[in-house]
Amino acid sequence: GVSHKVYENRFNQEFYSQRINQKWCTDFTYLSLINGCKQYNCTFIDLYDRSVVASTPLKSILNFAKTLE
């Protein structure tokens, strides 16, 4: 498909950090449910120790922006 928005690669494949809260990564995952709906999950991890900073299930990807406010 066509990318909606492409951002600069600021990590350059260096997925480690020397300090806590210096670098976070996120992953959006979606599941197609048996009823045809989709369920989204967004998880942030700190690259210092790979700990989960935040994780939230979403019924709509549009709800994500509201979650950050």
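**Legends to the close-up views**

Of the 69 residues in the protein chain of this predicted model, 13% count as buried.

**View 1. The whole protein chain holds one helix and three strands.** Read from the N terminus, the elements come in the order β-β-β-α. The accessible surface of the chain is about 6100 Å², and carbon and sulfur atoms account for 54% of that area. Among contacts between residues at least 6 apart in sequence, 20% join residues at least 24 apart.

**View 2. Strands β1 and β2 pair in the antiparallel sense.** Strand β1 covers residues 24–32 and strand β2 covers residues 38–46. Nine bridges connect the two strands. Asp 27 has Thr 43 in β2 as its bridge partner, and Leu 31 has Gln 39 in β2 as its partner.

**View 3. The turn between β1 and β2 contains Gly 36.** The two strands form a hairpin, with five residues between them. Gly 36 has a positive phi of about 95°.

**View 4. Strands β2 and β3 also pair in the antiparallel sense.** Strand β3 runs over residues 51–58, and seven bridges join β3 to β2. Tyr 40 stands opposite Leu 58 in β3. Strand β2 therefore has two pairing partners, β1 and β3, each reached by at least two bridges, the number that pairing requires.

**View 5. The hairpin of β2 and β3 includes Arg 50 with a positive phi.** Four residues lie between these strands. The phi of Arg 50 is near 65°.

**View 6. Aromatic rings of the chain form three pairs.** One of them joins Tyr 30 and Tyr 40. The ring centres are 6.1 Å apart and the planes are at 45° to each other, so the pair counts as tilted, being neither under 30 degrees nor over 60. Tyr 30 belongs to strand β1 and Tyr 40 to strand β2, and the two residues are ten apart, so that the pair links distant parts of the chain. Tyr 40 is also the residue opposite Leu 58 in β3.

**View 7. Lys 23 lies over the rings of Phe 11 and Tyr 16.** The charged end of Lys 23 is 5.2 Å from the centre of the Phe 11 ring. For Tyr 16, Lys 23 lies over the face of the ring, at 5.5 Å from the ring centre. Both distances are within the 6 Å that counts for a charge over a ring.

Note on methods. Residues are numbered from 1 along each chain as its sequence is written. This is a predicted model: local features need pLDDT of at least 70, side-chain atom pairs count only at pLDDT 80 or more; totals for chains, interfaces and linings use all residues. Side-chain values use heavy atoms; hydrogens and water are left out. Buried means under 20% relative accessible area, exposed over 50%, partly exposed in between (1.4 Å probe, protein chains only). Contact means heavy atoms within 4.5 Å. Accessible areas come from the Shrake-Rupley method with a 1.4 Å probe; for residues, only the protein chains shown count as cover. Rings of Phe, Tyr and Trp (its six-membered ring) pair if their centres lie within 6.5 Å; planes under 30 degrees apart count as stacked, over 60 as edge-to-face and the rest as tilted. A charge sits over a ring if NZ of Lys or CZ of Arg is within 6 Å of the ring centre and within 35 degrees of the ring normal.
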